[in-house]
Amino acid sequence: MRVSKGLPNRRLFGKVTLAAAALGLLIGISPQARASDHTLVMAAASMKDSLEEVAKLYERDTGRKVALSFAASSALAKQIEQQAPADIFISADLDWMDYLAKRDLIKPESRSNLVGNKLVLIAPKAIASPITVEKGNFPLLQRLGNSRLATGEPNSVPVGKYAKAALTHLGVWNEVELKLVRAESVRSALAFVSRGEALLGIVYETDAKVDKGVEVIGAFPTDSHPAIIYPIARTATSKAPDAQAFLDFVKSPAAFDVFRKYGFSAAPAPQG
Amino acid sequence: MLDIAIKRRQGSFDLDIAFQAPSQGVTALFGPSGSGKSSVINAIAGLSRPDAGHILLDGAVLFDSARRVDVPVEKRRVGYVFQDSRLFPHMSVLDNLLYGLRRVPQGERRIELEPVAKLLGIDPLLKRRPHTLSGGERQRVAVGRALLAQPRILLMDEPLASLDAARKAEILPYIERLRDELNIPIVFVSHSADEVVRLATTLVLVADGRVRATGTVAELSVRLDLDGAIGGPEAGAVLDTTVVSHDPDSRLTALRFNGGELTVPLLSLGIGQPLRVRIQARDVILALEPPSRISVHNMLEGRIIELGEATGPSRDVKIDLGGSFLLARVTQHSVERLGLAVGTPVFALVKSVAFDRVFPGPAGKHIAL
Amino acid sequence: MLTPLEIEAVSLSLWVASWSTLTVLPLAIVAALILARAEFWGKSLFDGIIHLPLVLPPVVIGYLLLITLGTRGVIGSWLLETFGIRLIFTSAGASVAAGVMSFPLMVRAIRLAIEAIDGGLEAAARTLGAGPIDRFLTITLPLTLPGILSGAVMAFAASLGEFGATITFVSNIPGETRTLPLAIYTATQTPDGDLEAARLVALSFTLSLSALILSEWLGRRVRRMMGRP
């Protein structure tokens, strides 16, 4: 068989080489290849602005970057359950951290409570006016009128669960249940109110602070719902060399100053 | 009557056509592919607009560039038979036929379904769907549909081009009937000499976007300046004859034409029936005196009126038979040998059995070829 | 057999998908006609805009719908003031979201069907005296019918599965906007909701498969009616 040195063969060879190079490049720059380098933090949506600032501080101090992913704690927990490559998980309630703990998906010795928060009732700034939030004296339905109340999905998203607990405690849950907009994260609910699509919303105090389009018109009594605690832990599969360092930084006083600026409170110590 | 004179330029193609089509008979536009024939009937239909000129139909203006008149297609009342029939696939044959009729006001419906269906033999097809029909059947339905639209002119764009020989033979008689029975102009486009020789009453020869010649088939068939445009190697005079007598004993028929008589093998036609006959030039022998003791029956006396160009070994000679003309193809050598020249009296000899090309003439009965 | 939640999700999905397909269909026919037949400056741009829902992330489309059709949006506020119509948080809004996302699919299918029609048939109809609207109704539309049907069913099936734009625009409201995909999503986010999610997924699969089979059968019947063997 004669091996031809003619032009067609050269062209084919060139094409194959190019394709192989492109493929190699793609593989080389794929996230998978870099996953183990950066610390990946999956945190509750309400932590967005504050945690970003903390991460910037960390980078300024140590020169190292971290990757941040924000969503409802329920969504994140489910993703970690499906082997999402997170190193650190910050949840907006204890339930979802317990969910992962039960499935041995976190390092139990790394778990602690990070910060606390308050539950508030908000309205679009343009039409905001105060309302009493007391058991037996909570004219929520009247205030709602024809419109809707936006909060997280009460079955899964932490802010929604707190809201359902509070509304039940205050005796108005049955009335307003059908008027809910069950958003998939607290920020989504916040946006609906900010845009005026929903005339009322239940979010965290820290969220109301960052959105200029809404105003707090009432605060839920702390005994109307389980304490709002944000636990933090390292995932069982955490591999990034930097993860523990960042976790320690997030728990440091310097970081807490940032959290407090945004309206978070100190978290009570874990019970039992 | 159709009166058309148009100019159109499309890219490098330059069209400049003028002719008239009488209200009876078939006016055939004949020429090679790309000569502009289809452009002409598209202009008559209104599917394309010429750059300049006019198109008048029975005095009504369809198009006039000077007066800025351009009647839209749907208002022109032209019947168009396309090469690919273009029957509507989602309708039955009957609905196809009635499509145009239904769009004509009640009072103006002269041509009716039954006579047309009978004329074209499409009665048994009415409930069928177009895709179940043969090519010939489809074309007949297409003709019927065009007729039932009460057209003022019938346009046929190479309607037989996509049919095989058998289907063509099936449908030609129907078109001949149309020619003989309709009172509206029929413009028939074709690049097939056979079709044109058989069907045309008036022939318009088109080449390179220009009209090369117009006239009857008989006239044009004997013109030497058309380089055998009609018929090529089978070129020859086309004569319209009438049957005068039969001789069953000798099995011969006599045909009379303007300028003489022809004897042909016995035909099963009635006396007085018209018949169109072609005598190929290469079947004609010339003699300076009538030969005796020869098998040839037809010795037609005439005079040489024109000699064709001396290209190649053969040469065409046009003979005036006193009323009609004949073409003979002889060798240049013989021309010199016999001293043939314009004015020379000659006898044209044609074998009776050379008449195997007979077609019905206008208003003639059909004979199988 | 089916829980109330499941029945609600299925019937809502069917309702939303039906309305979205029906209301968008006439628009899709017009758009397909324009793209198939008309020539004008900006035609490529028009074509591109129509196809945006196919290439943009659904969430982006949902967001665009939110800012234009929300009660503060340009069109949404007009709708609210003039007709009292609110689209956000309603099944009507879910239909709009599904309709917008499936619009390009419909246009493509119909356009292809129109372009497949032999242009010569229209010329023939013209010579037989049919004006433009006449031709559209008697020639173009009937011959395009199989394509229209196929486009409609494709759009219906796509609407059944629409998620991103829906959840961004009209959110996740049981009885109003919680279609099957949103119900599945909610189930997956709920602790121990995986069984429910599996049931809903099976339902969704059955629904979509039935829609596709129905479309095949319909398509064949229509084609036969139209004279294609």
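Colleague: Among the elements of chain B, which has the lowest mean pLDDT and which the highest?

Modeller: Strand 21 (residues 358-360) of chain B has the lowest mean pLDDT, 61, and helix 2 of chain B the highest, 95; pLDDT is the predictor's confidence in each residue, from 0 to 100, while helices (H or I, at least four residues) and strands (E, at least two) are DSSP runs numbered from the N terminus. This is a predicted model, in which local features need pLDDT of at least 70, side-chain atom pairs count only at pLDDT 80 or more, and totals for chains, interfaces and linings use all residues, with side-chain values resting on heavy atoms and leaving out hydrogens and water. Residues are numbered from 1 along each chain as its sequence is written, and chains are lettered from A and ligands numbered from 1 in the order in which they are written.

Colleague: What is the mean pLDDT of chain B, and where does pLDDT stay under 50?

Modeller: The mean for chain B is 87, and 95% of its residues reach 70 or more. Over residues 364-369 of chain B, pLDDT stays under 50, and the model has 15 contacts beyond four places in sequence for them, a contact meaning heavy atoms within 4.5 Å.

Colleague: What makes A:Glu205 and A:Lys118 a salt bridge?

Modeller: The rule asks for a side-chain nitrogen of Lys or Arg within 4 Å of a carboxyl oxygen of Asp or Glu, and the two side chains meet at 3.9 Å, N to O, so the pair qualifies. A:Glu205 lies in helix 10 (residues 205-210) of chain A and A:Lys118 in the loop between strand 4 (112-116) and strand 5 (119-124) of chain A, so the salt bridge ties together parts that are 87 residues apart in sequence.

Colleague: How do you know whether B:Arg278 is buried or exposed?

Modeller: Buried means under 20% relative accessible area, exposed over 50%, and partly exposed in between (1.4 Å probe, protein chains only); B:Arg278 has 3%, so the residue counts as buried. Its salt-bridge partner, B:Asp194, with closest N and O atoms 3.8 Å apart, has 38% and therefore counts as partly exposed. The pair links distant parts of the chain, with B:Arg278 in strand 15 (residues 274-280) of chain B and B:Asp194 in helix 6 (residues 193-199) of chain B, 84 residues apart.

Colleague: Which residues do salt bridges that share partners join into one network?

Modeller: B:Glu74, C:Arg37, C:Glu122, C:Arg126 and C:Arg135 are joined in this way. Within that group, C:Arg135 and B:Glu74 form a salt bridge whose closest N and O atoms are 3.8 Å apart, and the interface of chain B and chain C has 3 salt bridges by the rule.

Colleague: How many residues does each chain give to that contact, and what is the area buried between chain B and chain C?

Modeller: Chain B gives 21 residues and chain C 23. Buried area is the accessible area (1.4 Å probe) that two parts lose on being put together, summed over both, and here the value is about 1800 Å², of which carbon and sulfur atoms give 63%. B:Glu74, B:His90 and B:Arg103 supply 32% of the area that chain B buries against chain C, more than any other three residues.
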